[in-house]
Amino acid sequence: MKTLHQRLNLYIDSNETYIFVPAEPVGARSLTIYRNSGDVVLNPPNTPLPASADRSGKTIYGILGMVTLVISEYIIIITGRELRGRFMGHNVYRATDYDILPLNPDVSVTNPPNPVEAHLLALARSHLYGGYFLYSYGWDLTTKLQTQWGTIQEDAGRALWEVADDRFFWNKFLQTRFIDVTNANVDQNLSPYILPIIYGTFDIRPARVNGHYIRLCLMSRRSRYRAGTRYFRRGIDRDGHVANFVETEQVLFLDSPSQDGVGDEVSAQLSFIQTRGSMPMFWAEVNTLRYKPDLQVMDLEDTAEAAKKHFDEMIQIYGDTSLVSLVNHNGHEKPVKEAYEQGVTHLNHPNLRYQYFDFHNECKHMRWDRISVLIDKMEEDLTRQGYFHLDSHKSRPVKLQQGTVRTNCMDNLDRTNVAQAAFAKWTLNKQLRALGVLNENESIDSYDDLVKDFREMWADHANEISIAYSGTGALKTDFTRTGKRTKVGALEDGYKSVMRYLKNNFFDGARQDAFDLMTGTWTPSRGWSPASLIADRRPLITRAMPYVLWFSVFMIFAGLTLPRTSGACLGLCTFRAHFSTKHTSAVADYSLLYYFLLWFLLAATSFTFIIVHGIEYVNWPRLLPLSDIIYYDGPGFRSGNKGKGFGVTALDPRPAAPRMTHKRGNSKLEEIEMGTVRKVE
C-alpha cells in the first residue's frame, strides 16, 4: 500500500500561491494551490521554489482537505499531532492542532469581513478541536483487520484513500477536490497528499500473562453518514444510514518474546467486531426544555425500505447480525421499542436475530452483575459468529468472524457501552484460552493488571463516543472501570445528566451545524449570506422573557440580602421619615410583601412563558432546520406536543410554524436562503 508524505513544508508566495513541499524524500513532487483560481497542481520533480516565496514557521503533518464557505475557499492543514501508539507496525496519531488558510487574498481568517463567514469559520474550528481525529500514514485505520486480510492482494500498490472504508473516511468530503484532480488526470496523482482520518478512539496496551507477551488494542470508527448530535440526529434516513453508527474493533496481538519485553514479531492477530447504531426507523425526540423530550415515531411509507437497506448492508459487510435492544419495556421508551420490534418482525430476514434485554429492570438496585444474564442469552450467537484469528505461521486464517452483534439503547451510549464491554470480555477470555495463554478454568479477572487495562480502555472508549454524540462523558463508567456500581458513580452520572440537558438544549444546534458543514451534508452557495444564520428573528417578547426572568430572580435575591435600611426595597427610608416607628414597621412589612409579590409574579410569568414556548428557546440547527420533524403531524406516535405555545393566537407571540408531513422540496427560495444540500458518494 502506498504511503503518504508525513511532513510538509509550507511556502507562501505573496497572494499568488500556497506551495507544499514534502520534507522527504528530497526531490518529491511539490503541490501548488493557486489562490486566485483555486487550481490544484502537482509540480514536476525538483521544481524550484519562486524566489519571492516565504516559508511558514510551522511543520505541516497533513492536509485535511478544502472547504468552501461564503466568500472564500479554505485549506485545512494539520499542524499538531500526538502519538497514540503503534498498530501493525505503523504509528497512529491524533490530530491536535490545525491551521485554516484562505484562498481569497482579501480574506483574513482572524478577522473575516463578513459575519456569516466568521460564523461558519467558527463552526469549522469547533468541529476540528472538539473531535477526536486519528490517522496513520501507512495503515488503513478505516477498515477492520479481517477485511484487509481478504483484500490484501488486490489492494497492493493502491493509495490509502482508495482502499478506505467509505463509511469511516471522515474527511472524504473535504478531500473531494484532491480526489477529483487525481481521477481526472493520471499525471496529477495527489494520492500522497490525501490523508484519510477517522473520528473515533484508539488505545493499545501491552501486558504479560503466564509468560506470554500480548497487546490489547481497542479502536472505534464513527460513520460520517447521518452524523450529528444526540437529539438532532436520531433514527434512519432514506438511504439506510442510521445515526451514531459506530464500529468497534477489539484486537489482540500475541507477540514473540524478546529481551526488552514486547517482541517486534506478531505470532497471532485476533479481532472481534461489534457495532452500535440508532434504531433503524424514522423517529425523533423533540426538545421542549423539559427533561424528557417529546418522543415521536413517524410511520412513513418508506420506513420498511430504509430499514431493509440498512440491514442488507450490515449483512453484506458483517454477515449474520444479532440485534440486541436494551431500551425500557415501559414508560417513555416503550413506543420506540415496539416500533423497532414490529419493523424487524415485518422484515422477517433470515440473517437477523432479535434479542431484547430490559437493562434497567434486570440491573436495578445497582445489581450490574446481572449483565451476565444477557451474556447467557447471547452465548450461542457469540460462539457461532466467532472472531477473526490469523496465525503468522499459517497461510490462511484459523478462524473468521461470521457475524456481529449490533447493540442499541436510546442513545447507543451508556447501556450499550456496558453490554459491549461484557461481550468483549467474554470473547477475550475465549481468545486467550484458544491461544493457550489462559487455562480453561481461568479468566482475565485473575490478572489484576490485565483486567485493569481492559476496564480502563473500555471506560475511556465509552467516554469519547459519548462526548462526540451527547457532549459529555458516558454514564455508568464506574462499572466499566471498576466492575462495580458505586454511589459515587451514581452521583457523577447525575452531574453528567444535568450537563447533557444543558448542552443538548442550549448548545447542540451549533454543533450539529458544524457536523453538517464539515461532512458535506450542507454546502453554501457563493454569495449566500442569510441574516437568519446569525440574527435572532424571534419576536421581541420571546427574546425578552429570559431577561425578565433573570432580572426578577436578581431582584428577589436583592430583597432577601440587602439591608432593610439601604432603601432598596421600594424606598423604605422615605416612609420612615414621615411616619412613626409603629406605622413605619407596618408600612415596611406591606412594602416588602408587595415587592416580593411583584417580582415573584414576574418570575413565575416569564418562567411559564419560556416553558410553554420551550421550542423557541432550544438551540436548533440553522443550516438544515428540523421543521419537518418538529411540526410533523402525520401517522405515527407522539408522546406530547409541548413547547409550542398556549395554542391561543392572542397569547402566543406568533402563529405556529406551518406543519409539514413530507420531506421539504428544494424550492428556488430555499436554495437561495439555505444553500444546497450535497451528499458525497
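# Close-up views

**View 1. In the hairpin formed by β7 and β8, where two residues lie between the strands, Met88 adopts a positive phi near 55 degrees.** The structure is a predicted model, in which local features need pLDDT of at least 70 and side-chain atom pairs count only at pLDDT 80 or more, whereas totals for chains, interfaces and linings use all residues. Residues are numbered from 1 along each chain as its sequence is written, and side-chain values use heavy atoms, with hydrogens and water left out. Strands (E, at least two residues) and helices (H or I, at least four) are DSSP runs numbered from the N terminus. Strand β7 (residues 73-87) and strand β8 (residues 90-102) run antiparallel and are joined by twelve bridges, strands being taken to pair if DSSP finds at least two bridges between them. Phe87 has His90 of β8 as its bridge partner.

**View 2. Strand β7 is also joined to β6 by a hairpin, here through four residues.** Strand β6 (residues 62-68) pairs with β7 in the antiparallel sense over six bridges, and within this pairing Ile63 stands opposite Ile77 of β7. Eleven of the 15 residues of β7 are buried, so this strand is largely enclosed by the rest of the structure; buried means under 20% relative accessible area, exposed over 50%, and partly exposed in between, for a 1.4 Å probe and protein chains only.

**View 3. The strands of an open, five-stranded sheet follow the order β4-β3-β2-β1-β5, with antiparallel pairing.** Its edges are formed by β4 (40-42) and β5 (54-60), each of which pairs on one side only. From strand to neighbouring strand, the sheet turns by 20 degrees on average, direction ignored. Strand β3 (residues 31-34) is paired with β4 in the antiparallel sense over three bridges, where Ile33 has Val40 of β4 as its bridge partner.

**View 4. An open sheet of three strands, in the order β14-β15-β20 and with antiparallel pairing, is seen together with helix α6.** The edge strands are β14 (283-286) and β20 (636-638), each pairing on one side only, and the twist from one strand to the next averages 15 degrees. Strand β15 (residues 294-298) runs antiparallel to β14, with four bridges between them; Ala284 stands opposite Gln296 in β15, and Glu285 stands opposite Leu295 in β15. Along β14, Trp283 and Glu285 point one way while Ala284 and Val286 point the other way, and all of these residues are buried. Helix α6 (residues 334-347) lies across β14, β15 and β20, and runs at about 20 degrees to β15, where axes are lines fitted to C-alpha atoms (for helices, over the stretch in contact) and angles run from 0 to 180 degrees between N-to-C directions.

**View 5. Helices α1 and α13 meet through residues contributed by both helices.** Two packed helices are described by the angle between their axes and the distance between the axes. For helix α1 (residues 115-130) and helix α13 (residues 508-518), the axes come within 9 Å and cross at roughly 90 degrees; the two helices are therefore roughly perpendicular to each other, a class that covers 65 to 115 degrees, with angles under 35 counted as roughly parallel, over 145 as roughly antiparallel and the rest as oblique. Leu120, Leu123, Ala124, Ser126, His127 and Leu128 of α1 meet Ala510, Asp513, Ala514, Phe515, Leu517 and Met518 of α13. These contact residues divide into nine nonpolar, two polar and one charged, where Ala, Val, Leu, Ile, Met, Phe, Trp, Tyr, Cys and Pro count as nonpolar, Asp, Glu, Lys and Arg as charged, and the others, Gly among them, as polar.

**View 6. Thr275, which belongs to strand β13 (residues 261-276), is seen with its surroundings.** Thr275 counts as buried because its relative accessibility is 0%. With neighbours within four places in sequence left aside, Thr275 is in contact (heavy atoms within 4.5 Å) with Phe245, Val246, Glu247, Met314, Tyr318, Thr404, Val405, Arg406, Thr407 and Gln420.

**View 7. The whole protein, which contains 18 helices and 20 strands, is given as context for the close-ups.** Of its 681 residues, 55% count as buried. Among contacts between residues at least 6 apart in sequence, 70% join residues at least 24 apart. The protein exposes about 30,400 Å², of which carbon and sulfur atoms supply 54%; accessible areas come from the Shrake-Rupley method with a 1.4 Å probe, and for residues only the protein chains shown count as cover.
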